[in-house]
Amino acid sequence: MKASILVPKPIVIATRESRLAMWQAEHVQSLLQARGHVVSLLGMTTLGDQILDRSLSKVGGKGLFVKELELALQEGRADIAVHSLKDVPMDLPEGFDLGCVMAREDPRDAWVSSQYATLADLPHGAVVGTSSLRRTVLLRALRADLKIEPLRGNLDTRLRKLDEGQYAGIVLAAAGLKRLNLRQRIRHIFEEADMLPAAGQGALGIEIRADRQDLRDALAPLVDENTWLRVAAERAVSRAMGGSCSMPLAAHATLTDGVLTLKAAWGDPLGNGDLVTAQATLNNPVHASAEQLGEQVANSLRQAGAHG
């Protein structure tokens, strides 16, 4: 009698269909396949991809990019969803978990322009494109004279709008440009002292149903603990400040020699360009203490005048 061969159960990845989202899903697919899993993709168009005439902060925030993917997980049409972690709401719906946070790409923001090498080179009153409230307040703190206009759409759409001359320059996440081999479009990368990144920027998070321990085990080799501790602190700042991905809030952590350093900045989109900042450090962090550090920094921001 022949021994039965155990065929691994296929893993279906729910993903948005933008070029960057597909790269992210295919990246996870290849890593899982290398470990013996059978993996397929389920491409989907989300509400966030469809609503392009209004800023995210006015139509429900970045959670619009994940709701349809979560429905696919809930209904069993997919097993995991791969997200840019900065697009993931701070509190997931009941029954869902982050099953994995992967190694981080460059978390910084990039300056992209056909004419101007840096932000400092822009003429007075130049038009800069971004739909991020965080980038808006940080840009105003650097150059109060600039005219900041909304910029929606996927990465290729944003670059096309720049190339059509709608903007003197735009600000994008460096990670997306690097992942799609568009490094040549980057004129300048902002250091964190000038443009503090968003919570989770540059990191990929994999969402699962909370009851899928089998998937948690399958994803364990993909986990980067250093990144997960950093983003746990960053996301805790945002959660404590009100939980919205659309808040004009920056939070970025580094982990060096066992010391977690967390910096945050908040600005009023209707204000005068002044920023409220806070910073704290922690030795030998674990997930719970990293989140407590985030809450501590959020408290410092509120005491200095920041609000949700």
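Helix H4 spans residues 67-74, and in this predicted model its buried residues are Leu69, Glu70, Ala72 and Leu73. These four cover an arc of only 155° around the axis, which puts them on the same side of H4. That fits the usual helical bookkeeping: an α-helix has 3.6 residues a turn, so residues three or four places apart point the same way. Lys67 and Gln74 sit on the other side of H4 and are exposed. As for what lies over the buried set, the cover includes S1, S2, S3, S4 and S10. After the helix comes glycine 76, with a positive phi near 80°.

The strands that help cover H4 also turn up in an open sheet of 5 strands, ordered S2-S1-S3-S10-S4 and with mixed pairing. Strand S2 (39-44) and strand S4 (96-101) take the edges; each has a single partner strand, so one side of each is left without a neighbour in the sheet. On average, neighbouring strands here are turned by 35° against each other, if direction is ignored. Within the sheet, strand S3 (residues 80-84) and strand S10 (residues 204-209) run antiparallel and are joined by 4 bridges. One residue pairing can be picked out: serine 84 has leucine 204 in S10 as its bridge partner.

Helix H1 (19-33) lies across S1, S2, S3 and S10, and runs at about 165° to S1. In the loop that links strand S1 (11-16) to H1 is serine 18. Serine 18 has 12% relative accessibility and therefore counts as buried. Its C-alpha atom is 8.5 Å from that of threonine 45, although the two residues are 27 apart along the chain.

Further along, helix H6 (residues 155-163) has Leu155, Thr157, Arg158, Leu159, Lys161 and Leu162 as its buried residues, so charged side chains' names appear in the list next to leucines. Cover for this buried set includes strand S5 (109-112), strand S8 (169-173) and helix H7 (174-179). At the N-terminal end, H6 is capped by asparagine 154, which has a side-chain oxygen 3.2 Å from the backbone nitrogen of aspartate 156. Just after H6, glycine 165 takes a positive phi of about 90°.

Positive phi is not confined to glycines in this model, as asparagine 181 shows with a value of about 55°. Most residues other than glycine have a negative phi. Asparagine 181 belongs to the loop between H7 and strand S9 (188-189), and its relative accessible area of 58% makes it exposed. Aspartate 257 is another non-glycine with a positive phi, this time about 50°. Its place is the loop between strand S11 (249-256) and strand S12 (259-267), and with 77% relative accessibility aspartate 257 counts as exposed.

Finally, a word on confidence. The chain has a mean pLDDT of 91, and 90% of its residues reach 70 or more. Residues 51-60 are a stretch to treat separately, with pLDDT under 50 throughout. For that stretch the model has 15 contacts beyond four places in sequence.

Notes: Residues numbered from 1 in each chain as written. Heavy atoms only, no water. Helix = DSSP H or I, 4+ residues; strand = E, 2+ residues; numbered from the N terminus. Buried < 20%, exposed > 50% of the residue type's maximum accessible area, 1.4 Å probe, protein only. Pairing = 2+ DSSP bridges. Axes fitted to C-alpha atoms, helices over the stretch in contact; angles between N-to-C directions. Contact = heavy atoms within 4.5 Å. pLDDT = per-residue confidence, 0-100. Polar contact = N/O pair within 3.5 Å; in protein donor to acceptor, adjacent residues only side chain to side chain. Arc of directions from axis to C-beta.
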